[in-house]
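Visitor: I would like a close look at a single part of this structure. Please take me through it, then set it in a wider view.

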There are 2 protein chains.
Amino acid sequence: MQKEREISIKDVRVDDTFWNGPIQNAVEKVVPYQWRVLNDREPGAVPSCAVQNFKIAAGLMEGKFGGFRFQDSDLAKWIEAASYSLLYKDSEEVRGALDEIVSVIEKAQREDGYMDTYFILEKPQERWKDIAHGHELYCAGHMLEAAVACLQATGSDRLMKVMEKCVALIRKTFGEGEGQMSSYPGHEEIELALMKAYRATGREEYKDLAEYFIENRGTEPGFLREPHFKEAQKSRWFGPAYHQAHAKIRDQKTAEGHAVRAMYFFTGAADVALETGDPTLKKALEDLWDNVTQRRMYVTGGVGSQGEGECFTIDFDLPNDTCYTETCAAIGLAMWALRMLRLDPDSRYSDVMERALYNNVLSGIAQDGEHYFYVNPLQIEPDVARFRKDMESVEPNRVKWFGCACCPPNITRTLCGLGSYVYTRRGDSLYQHLYIGNKARFETEKGTAQLSCTSSMPWQGKAEITYQGPQGVQLYLRIPEYAEDFKVEKDGAPLALAPEKGYAPVTLTDGGVYTVTFAMKARYLEANPHVTEDCAKACVQRGPFIYCAEEADNGPLLAAFTADLSAPLAEEESGLFGGIVTVKATGTRPDMGPWEKALYRPAGAGRVPAELTLLPYFLWNNRGEGEMLVWMNAR
Amino acid sequence: MQKEREISIKDVRVDDTFWNGPIQNAVEKVVPYQWRVLNDREPGAVPSCAVQNFKIAAGLMEGKFGGFRFQDSDLAKWIEAASYSLLYKDSEEVRGALDEIVSVIEKAQREDGYMDTYFILEKPQERWKDIAHGHELYCAGHMLEAAVACLQATGSDRLMKVMEKCVALIRKTFGEGEGQMSSYPGHEEIELALMKAYRATGREEYKDLAEYFIENRGTEPGFLREPHFKEAQKSRWFGPAYHQAHAKIRDQKTAEGHAVRAMYFFTGAADVALETGDPTLKKALEDLWDNVTQRRMYVTGGVGSQGEGECFTIDFDLPNDTCYTETCAAIGLAMWALRMLRLDPDSRYSDVMERALYNNVLSGIAQDGEHYFYVNPLQIEPDVARFRKDMESVEPNRVKWFGCACCPPNITRTLCGLGSYVYTRRGDSLYQHLYIGNKARFETEKGTAQLSCTSSMPWQGKAEITYQGPQGVQLYLRIPEYAEDFKVEKDGAPLALAPEKGYAPVTLTDGGVYTVTFAMKARYLEANPHVTEDCAKACVQRGPFIYCAEEADNGPLLAAFTADLSAPLAEEESGLFGGIVTVKATGTRPDMGPWEKALYRPAGAGRVPAELTLLPYFLWNNRGEGEMLVWMNAR
């Protein structure tokens, strides 16, 4: 088996008619916006205190810690995003902000490498005593990802040096040796960060620590002995499974507990499996992947069916209006998918990665870049959501910021780092997972390979790839699960394809122009009949997008519409949002006449012909508050 | 307008092929069973402590108060039920138990009339200081109902004398005079009890106090000034609306807050409106009735859409699997309906009364009489209900008793007192609301009127009524909303009918035999399209019964069935439960073949013909745990 080779964030630059919008928005507007928020300079946004906490810890100002105990991680994700943004636009302002904040972090770090501002400022005697809920390792993980991003994007190793010291302290603190603590993070994250750092630096100690945390999880007592854990566990939602600590990974057959934690855990575990080549770890991850994607995932790529415990519930329990489907969890699913693709380039992973990125991830941010969803429901009636207890996490509108603001900077780093999701590489074989326009440059054993891709996706199934480089490089082109008539032409002549696991391999020749075309008509999807909430319903998919109906286009009472599955779906190029494809579903709605005063009536009240205009789910709630619906009644 | 005349519990004795079963069960088995539970002598049942609390308060034993602060009311409801039961079976054992417990209560009562054991034993300095949540007036109300039941059923006024003293204390405590407290009960109940006591004794002070409480509700500060209320109000579910204290009754246009409280409040208010004849109070109640029955009531007669706050939510929000639909709330709805029928004999009230009694009330008790539902969902998948936070009030199985055990004795008193729901009377006009076999005897101004009714309901639409008594008495026979071809024959000859508000008036002649017949075929019902949860669904009704599908008859995956509304429903006489009519719905279910590993697929996976066997909702969960479904997908 050819070994997977790391693709750096600098190898692929996205340049795409669809994604340039969100990425430029992120680079030019969101990165500066979030910097203002993190510095508490944005009116109307919940105060973050994230920068201030570091300044206080650095002795640069007086004050008390503010925000959640994991507030440091918001800043870390911003540093990661800002570093990536420089690859798109070299901004003095952003470079200055990065320099400034890294200097603050250097000063905030303690002599021994410790750097968590919550414990430094609030509970200096309580370091490493609340591993279950303290988030020290989680924050360190995000700062380590930030350090790798800084290093790769700017060449500066200042933050990496800070993190080397920090990781050294963690290595000293955790382990099976004398005086060490046998435990594992309460919120996984550092595992995948350590693997990033290992790949960026080649230093084995990062990999070893990641492997230790992955393999140790589920052993007792770990953090299960801690008073904080025992206190939290009084709620059934905060037991060992909340932290994926109910079993060792090879004994976990279902995804349990806090969905973001689970996704980050599986991502880190897949990173480790790739390096160690351990087939039992790979098999465990494949089983967990099947469980998530065949039983516990929303059609939008969302995961986490319940707000309480922000958790997975049980197989096929996928309520559309009370779900959690946190933006961060969908990002985590995309990250995990990318690692599975490195382990085994199979389109069942890339289909899900794309599903998450184009739907539940992208819905997390408004078109203005300054409003965010934490929870991404598949159905909402604003008045009901505002009233009901079981919908109290569901916001009818995106908000400017959150007290617990993990999602906004997570989206930003994902958008600015999108290039890393386009390809994976195994020896001299390249796998193109997403038809996103880009320019890529890889150093292969045979020489420098350059790819230039222009794409009509996600609106039309067409991409053109120009190659310059040595002979013998293979490009595996993903055949999306929704693609029909998938074809590849080289310089205008059709190629005979022999697909492997959903990828069509093409042997590249210098100067070759490869045109990928496929049809992707709007179509109805149905859910597995075990999904009670979606029985007798259908939703619309077109290409990577799941569609939804909004009150803005259709008026209220969306749920009363019944789609006629035998009638064709009409696609229409719309000027909305700068040009999208909308879809019209045909069916019926009730004649409301007989219902004015009746709550129940003998069946047979009339129905009248009706249609619903649908648009991609990620665009919902950009035109004011209203009902929204993904799964329509259907017959 | 002819004045409504009180019908006493002794006037009507139910003798009915359907109801004799549950009533005999209640009389012979449940009353003794619940006595054992209340005395903590029933193994496996949650300890009640209700009798023990009174014994301790009476100085007859040592110990501490046990159970909820409203534990006294469980015993009071049992006394009411036991008193009624003596009308069916004069049991030495029950008489003895009643004598014994009344003696204990006499001793437990304080010199000044105070008698709430929670405050006597636990918080003697806190009397009348937590009107919002203390339940002193609620418990007194139930004991007053018990006293009226004792008086009417046994002729003993011992408990009534106790309650006279207690009410005198309450009258001294509450009011607008100097040194009095301007307030109203935190949990309504005493209002309707006072009105019962007024009718039973003719003592105006009962009516006056009831009217004061009804009219004062919603004024500030009332109990809103109390620290306990302010503390509870920190949760948005426990504000003024929880207690229907958000507005005065004439300004309440929607039913809000705790559903049982609301039902008891409206019941008491209707009692007051009948006595005072105030048209504005009647109008307020009609508006509230419309709101509840046209927008906030389940098809089973359940009310209360949410467990948190046990409350009404908003119009048309009627989730089937996370609902509360407490047995007590449906009993309250039936009680309110009965009062509305006294105010205005219109079948829109009796249709709802019957719906509640035959469905959500009767489902509260198992066929064995010893297991109870508190929450009566319309859809359940046991594994999901056990897991999900928002279903934590929903039990997949009836239980032997509850820590908070308001429902079980409430059902028992309703079954043993069912006779009071059959008729109302206005001058010399009788209104028969329910076709339940019975023997009735009323003293009218013209002389003694005796009715004897035999009925084939609820399985067939036929009842025969024999009349003996003076000429000129009118019998108004209800035309149920589901009845077709409603006919009345006198001595075999058809009568010409001139229905008024859903009732067919017949002038009775001595010795006349009146035969009521109507068809009531199984039929599909649909819900108002504003009810999102029921869109594109249908349920089956046959006569008074709403039907459901159970896993016991149909296997799992009930929600995947789609009923074909154009196919006839097949009725079948079944030997189940001693003889019932089951209904078969015809439709389709998914071919599960394509779904083994797929969560989402393009629409068009095959469906195969299928049918569901349905039985009356009230019988669900009498054959073990399993899925249950009322609203089926339909096309």
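Guide: What follows takes one helix of chain B, then turns to chain A as a whole. The model is predicted. The part is helix 9 of chain B, residues 204-216. Start with its length. The helix has 13 residues, and at 1.5 Å a residue these should span 18 Å. The end C-alpha atoms are 18 Å apart, so expectation and model agree.

Next, burial. Towards the start of the list stand B:Tyr206 and B:Lys207, both buried. B:Leu209 and B:Ala210 are buried too. So are B:Tyr212, B:Phe213, B:Ile214 and B:Asn216. Here buried means under 20% relative accessible area. What covers these residues? The cover includes four helices of chain B: helix 6 (136-154), helix 7 (158-173), helix 8 (190-201) and helix 11 (259-276). After helix 9 of chain B comes B:Gly218, with a positive phi near 95 degrees.

Now chain A. It holds 17 helices and 23 strands. For 635 residues, a compact globule would have a radius of gyration near 26 Å; chain A has 24 Å, which agrees. Its C-alpha atoms fill a box of roughly 75 × 65 × 50 Å along the principal axes. Of the 635 residues, 64% count as buried. Among contacts in chain A with a separation of 6 or more, 70% join residues 24 or more positions apart.

Last, the surface and charges. The accessible surface of chain A is about 21100 Å², and carbon and sulfur atoms account for 47% of that. Chain A carries 71 positive and 92 negative side chains. The centres of these two sets lie 1 Å apart.

Note on methods. Residues numbered from 1 in each chain as written. Chains lettered and ligands numbered in written order. Predicted model: local features only at pLDDT ≥ 70, side-chain atom pairs only at ≥ 80, totals over all residues. Heavy atoms only, no water. Helix = DSSP H or I, 4+ residues; strand = E, 2+ residues; numbered from the N terminus. Expected span 1.5 Å × (residues − 1). Buried < 20%, exposed > 50% of the residue type's maximum accessible area, 1.4 Å probe, protein only. Contact = heavy atoms within 4.5 Å. Rg over C-alpha atoms; globule rule 2.2 N^0.38 Å. Areas by Shrake-Rupley, 256 points an atom, 1.4 Å probe, with all protein chains shown as cover. Lys, Arg positive; Asp, Glu negative; His and termini not counted. Charge placed at Lys NZ, Arg CZ, Asp CG, Glu CD.
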